[in-house]
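Please look through the structure shown here with the sequence beside it, and follow the paragraphs below from one place in the chain to the next.

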Amino acid sequence: MADPRGGSVPVGSLAGLDVDPSAEQVYRAIVSGGAADRAGIAARLRMSPAETDARIAALAHAGLVDVDVDGRIEALPPTLAFGGLLARREQQIRDARVALDELADEYRRARELKVSDGIEIVRGRREIASWINYLLLSGSEQFRLFAKPPFAVFGLSESDTEREVAGRGLRERIIIERIVLDEPAAEKDLLTSLDRGQEIRMVQSLPGKLLIVDDSAAIVQLDEGGPAHSEIAVVRSGGLLDCLTFSFESLWRSAMQLREGPGGTVDPSLVSPNDLADPADREVLTLLLAGYTDAAVAMRLGISQRTVQRRVRRLMDLAGTDSRVLLGWHARDRGWL
């Protein structure tokens with residue numbers, strides 16, 4: 001996505017280190033553009049002098065910039081400025097995870113919850129919703145979902161948690177039952193999901209409700225699947241999780257792909273290794289094979305770098321490879337370009 005002031009929108013954020021977004025914008029401008037006086041920085045960012053002065057004062061107070069005798073502002077090296085703080089935060093997170101595991105064990109013991117070989121039984125809609133939110137927010141790579149109605153705790157429409165996950169650029173793959181298309185708001189929700197980069201495929205029926213986060217944990221429906229959602233199993237790494245992942249991937253390969261069709265409709269189509277139906281995929285692939293980086297492709301097409309990476313990942317899945325080089329060979333052999 002292009003930034004109206006020039007350059008590209010940064011993927012990361014320093015908000016987790018208590019840096020105000022407006023001050024971070026000024027710091028990034030000094031890092032990328034070099035030292036300058038206040039007037040130069042204000043002109044670079046198209047800000048008023050007063051606004052620029054306030055942000056520079058905040059950066060100087062935090063020890064992130066130096067102001068020399070001539071009034072030129074220089075950014076401290078990022079590693080020097082943030083390295084120590086980041087290391088302390090990471091240690092605090094590690095300590096918090098240990099405490100969380102201890103508290104979880106104590107919670108289970110107090111309530112005599114059954115935990116066996118990485119499987120935990122969770123009961124009650126509120127606790128189930130809490131587990132889903134926790135696992136989604138802990139994901140770092142992708143999540144896979146069987147979307148089977150009726151939807152009680154999660155479904156097609158977005159929650160605040162799902163919007164936050166989407167903002168972090170995780171790969172999202174969803175398999176829905178055909179009956180989902182009969183839901184009143186299904187088409188609108190599906191179009192929204194496709195637009196934000198979710199990959200959605202469809203089968204006639206699903207065995208149950210399933211959520212897999214990364215390759216580390218899964219949630220499996222244990223009740224009859226009605227609106228109550230009274231019982232689930234949380235499955236950790238091990239043989240059962242491997243079986244669940246295998247089940248998802250097997251269905252994914254044979255499922256029908258959903259795409260946005262003419263007139264704002266959702267069209268199912270067979271996934272074929274010979275077919276590259278989405279023109280946007282062809283544009284991305286053409287630029288990549290021409291030697292452009294992901295960031296350059298994103299800027300030329302006016303999309304985010306995360307969207308480029310999701311499209312490339314989908315193309316590699318379609319080609320059956322984990323290599324971008326082999327993707328290029330496949331594209332030429334299959335006549336995609």
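In this predicted model, the loop that runs between helix 2 (38-45) and helix 3 (49-61) contains Arg-46, a residue with a positive phi of about 55 degrees although it is not a glycine. Arg-46 counts as exposed, because its relative accessibility is 63%, and the cut-off for that word is over 50%. A positive phi of about 50 degrees is found for Asp-214, which is not a glycine either, and which sits in the loop between strand 8 (210-213) and strand 9 (217-221). Asp-214, however, is buried, with a relative accessible area of 10%.

From these loops the reader can turn to the salt bridges, of which a search of the whole structure finds eleven. One of them joins the side chains of Arg-28 and Glu-24, with N and O 2.8 Å apart; both residues belong to helix 1 (residues 21-33), where they are four residues apart, or about one turn of the helix. Within this pair, Arg-28 is partly exposed at a relative accessible area of 32%, whereas Glu-24 is buried at 7%.

Another salt bridge is formed by Arg-123 and Glu-231, whose closest N and O atoms are 2.8 Å apart. This pair links distant parts of the chain, since Arg-123 lies in strand 4 (residues 119-123) and Glu-231 in strand 10 (residues 231-236), 108 residues apart. Glu-231 counts as partly exposed, with a relative accessibility of 22%.

A further salt bridge brings together the side chains of Arg-173 and Glu-249, at 2.6 Å from N to O. Because Arg-173 lies in strand 6 (residues 171-177) and Glu-249 in helix 8, the pair ties together parts that are 76 residues apart in sequence. Both Arg-173 and Glu-249 are buried, and salt bridges with shared partners join Arg-144, Arg-173, Asp-215 and Glu-249 into one network.

Two members of that network, Arg-144 and Asp-215, are also touched by Thr-245, as is Ile-212, when residues up to four places away in sequence are not counted. Thr-245 lies in helix 8 (residues 239-254) and counts as buried, at 15% relative accessibility.

What, finally, do Val-325, Leu-326 and Trp-329 form on the surface? They make up a nonpolar patch, with about 330 Å² of accessible area together. Val-325 has its place in helix 12 (residues 324-333), and it counts as exposed, with a relative accessibility of 54%.

Conventions
Residues numbered from 1 in each chain as written. Predicted model: local features only at pLDDT ≥ 70, side-chain atom pairs only at ≥ 80, totals over all residues. Heavy atoms only, no water. Helix = DSSP H or I, 4+ residues; strand = E, 2+ residues; numbered from the N terminus. Buried < 20%, exposed > 50% of the residue type's maximum accessible area, 1.4 Å probe, protein only. Patch = residues over 30% accessible without salt bridge, like charges linked within 9 Å, V, L, I, M, F, W, Y side chains within 5 Å. Areas by Shrake-Rupley, 256 points an atom, 1.4 Å probe, with all protein chains shown as cover. Salt bridge = Lys/Arg side-chain N within 4 Å of Asp/Glu carboxyl O. Contact = heavy atoms within 4.5 Å.
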